[in-house]
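The exercises below are meant to be worked through with the sequence and the coordinates open side by side. Try each task before reading its solution.

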Amino acid sequence: MERRFPWQTMLLWVVAVVLINAIWLNVAGQTAPNEINAEGKFQSHREVNISPVFGSDAAIPATLESTFTSTSVDQANLSIAIKKDNTTTVYSWSGQLSDPVPVWSGELEPGFYTVETIVEEGVLVTQQLELQPFGPIQTAGHVVLTLLLVVVAWGEQGLRALLARRKPKHETSETKEKIPFKAAKFSQEDDQLAWNENDSPWREPLR
């Protein structure tokens with residue numbers, strides 16, 4: 001197994017932390033579009049329910065974009081309002097068709113809201129409310145994910161160490177000494193005809 005140097009381990013930690021936080025930053029920056037009004041689908045009062053994220057009552061970043069156009073009139077009165085529980089006005093604007101319509105950006109606490117849009121006849125309205133649900137917990141998410149990464153890494157190392165301790169050690173079998181030359185074994189017939197050292201090398205000739 002290739003051995004890692006301390007600086008390599010530290011580099012892997014830094015890369016892992018940066019990568020996981022970059023992913024969370026991208027996720028937390030995502031917005032959820034809510035269509036308020038569209039051409040041919042206009043309603044002067046639209047209700048929006050903003051739910052808390054993970055039980056948090058923190059305000060959620062929001063953006064309201066409105067576009068007014070007309071092919072039949074040159075001037076018309078316009079007005080926009082965002083009201084919470086139909087009582088508290090969070091945002092309001094009024095103007096003419098020829099006026100530039102500002103893009104509202106702010107924060108909305110969890111609850112029920114009503115987007116009120118008043119226009120004259122012949123004006124087409126396009127409105128969209130963008131919500132950033134994970135915006136309130138973005139900082140907490142960075143902290144939690146970083147700590148979770150550390151816990152998982154240390155837990156994995158501890159588990160490996162525990163398994164290594166519990167793993168039974170295999171007894172090393174003694175290696176038998178190999179004999180370079182081994183005496184050959186003969187059958188019984190060979191034993192009978194085996195050479196006897198005490199026999200004389202001279203024998204009487206056969207007749």
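**Exercise 1.** Which residue in β8 is the bridge partner of S66?

*Solution.* Bear in mind from the outset that this is a predicted model. Begin with the strands concerned: β3 and β8 run antiparallel and are joined by eight bridges. Following the pairing to S66, one arrives at Q127 as its bridge partner in β8.

**Exercise 2.** Place β3 within its sheet, and state what stands opposite P61 in β6.

*Solution.* First, write down the strand order of the open sheet, which is β1-β8-β3-β6 with antiparallel pairing. Next, identify the edge strands, β1 (32-37) and β6 (104-108), each of which pairs on one side only. Neighbouring strands here are turned against each other by 25° on average, with direction ignored. Finally, turn to β3 (residues 60-69) and β6, which are joined by five bridges; across this pairing, E107 is the residue opposite P61.

**Exercise 3.** Sort the residues of β3 by face, and then relate F68 to the largest nonpolar core.

*Solution.* The covered face of β3 carries I60, A62, L64, S66 and F68, whereas P61, T63, E65, T67 and T69 lie on the uncovered one. Now consider the core, which has 27 residues and in which F68, L108 and L129 touch the most other members. Its largest share, four residues, is supplied by β3. To finish, list the contacts of F68 beyond four places in sequence, among them L78, I80, W93, L97 and V101. Nonpolar side chains tend to be buried together in soluble globular proteins.

Methods:
Residues numbered from 1 in each chain as written. Predicted model: local features only at pLDDT ≥ 70, side-chain atom pairs only at ≥ 80, totals over all residues. Heavy atoms only, no water. Pairing = 2+ DSSP bridges. Helix = DSSP H or I, 4+ residues; strand = E, 2+ residues; numbered from the N terminus. Axes fitted to C-alpha atoms, helices over the stretch in contact; angles between N-to-C directions. Core = buried A, V, L, I, M, F, W, Y, C linked by side-chain atoms within 4.5 Å. Buried < 20%, exposed > 50% of the residue type's maximum accessible area, 1.4 Å probe, protein only. Contact = heavy atoms within 4.5 Å.
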